[in-house]
Amino acid sequence: MRYIIITLVFLCSLAIKAQNIDNRRIHKDRKNEMRDKIKALAVAHITKELDLNTEEAQQFWPLYNEVKDERDRLEKVKKQLIRKLESEFDDMTEKTASSYVDRMVAIDKRISATNLDYKHDDIIKVIGAKRFLKLKKAEMDFKRKMIKEYRDRKPRE
């Protein structure tokens with residue numbers, strides 16, 4: 001009888017763990033789906049605002065995506081550093097804290113340097129200076145639009 005109870009408890013714990021893993025996977029899939037949808041909306045918005053022809057688009061998007069991918073990569077590095085810092089924070093010495101500050105500042109400088117201005121000469125060769133400014137405005141407008149949409153969807157308390 002005891003073995004049956006132990007086996008049942010074990011099977012129930014496996015089922016609960018499997019369900020939690022499945023729920024995390026579903027949440028991650030939804031998050032990736034939403035991220036891809038927002039990216040597609042941004043591409044459509046920028047393409048429309050810049051009125052890119054086929055040749056310009058073929059040259060522009062790889063440059064633009066390179067900048068965005070590098071920035072995303074650096075943001076992930078920063079998040080990993082923050083998670084590591086959080087786990088060590090309570091036992092951290094002043095010297096270790098100083099090291100984290102230096103690493104964080106270095107990453108933030110690289111993130112700041114990795115924006116459209118980082119590749120502006122190459123992008124301007126493709127779309128021109130005037131449309132480069134239009135691109136900067138289109139990005140800001142898109143962010144505002146997404147924030148407004150998020151706020152409008154958020155239930156009022």
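**Core packing and a helix crossing**

In this predicted model, the largest nonpolar core comprises 13 residues, and those with the most contacts inside it are Ile46, Leu50, Phe60, Ile123, Ile127 and Leu135. Two or more residues of this core are supplied by each of α1 (2-50), α2 (54-88), α4 (120-127) and α5 (129-153). The largest share, four residues, is contributed by α2. Another core, of eight residues, lies apart from the 13-residue core and includes Met92, Met104, Ile107 and Ile111.

Two of the contributing helices, α4 and α5, were examined as a pair. Two packed helices are described by the angle between their axes and the distance between the axes. For α4 and α5 the angle is about 115 degrees and the axes are 7 Å apart. Because angles of 65 to 115 degrees count as roughly perpendicular, α4 is assigned as roughly perpendicular to α5. The crossing of α4 past α5 is right-handed. On the α4 side the contact is formed by His120, Ile123, Ile124 and Ile127, and on the α5 side by Ala129, Arg131, Phe132 and Leu135. By residue class, this contact consists of six nonpolar residues, one polar and one charged. Ile123, Ile127 and Leu135, which take part in the contact between α4 and α5, are also among the residues with the most contacts inside the largest core.

The loop between α1 and α2 contains aspartate 51. Although aspartate 51 is not a glycine, its phi is positive, at about 50 degrees. Aspartate 51 has a relative accessibility of 62% and therefore counts as exposed, the cut-off being over 50%.

Notes: Residues are numbered from 1 along each chain as its sequence is written. This is a predicted model: local features need pLDDT of at least 70, side-chain atom pairs count only at pLDDT 80 or more; totals for chains, interfaces and linings use all residues. Side-chain values use heavy atoms; hydrogens and water are left out. A nonpolar core is a set of buried Ala, Val, Leu, Ile, Met, Phe, Trp, Tyr and Cys residues joined through side-chain atoms within 4.5 Å. Buried means under 20% relative accessible area, exposed over 50%, partly exposed in between (1.4 Å probe, protein chains only). Axes are lines fitted to C-alpha atoms, for helices over the stretch in contact, and angles run from 0 to 180 degrees between N-to-C directions. Angles under 35 degrees count as roughly parallel, over 145 as roughly antiparallel, 65 to 115 as roughly perpendicular and the rest as oblique. A crossing is left-handed if the near helix is turned anticlockwise from the far one by less than a right angle, and right-handed if clockwise. Contact means heavy atoms within 4.5 Å. Ala, Val, Leu, Ile, Met, Phe, Trp, Tyr, Cys and Pro count as nonpolar, Asp, Glu, Lys and Arg as charged, and the others, Gly among them, as polar.
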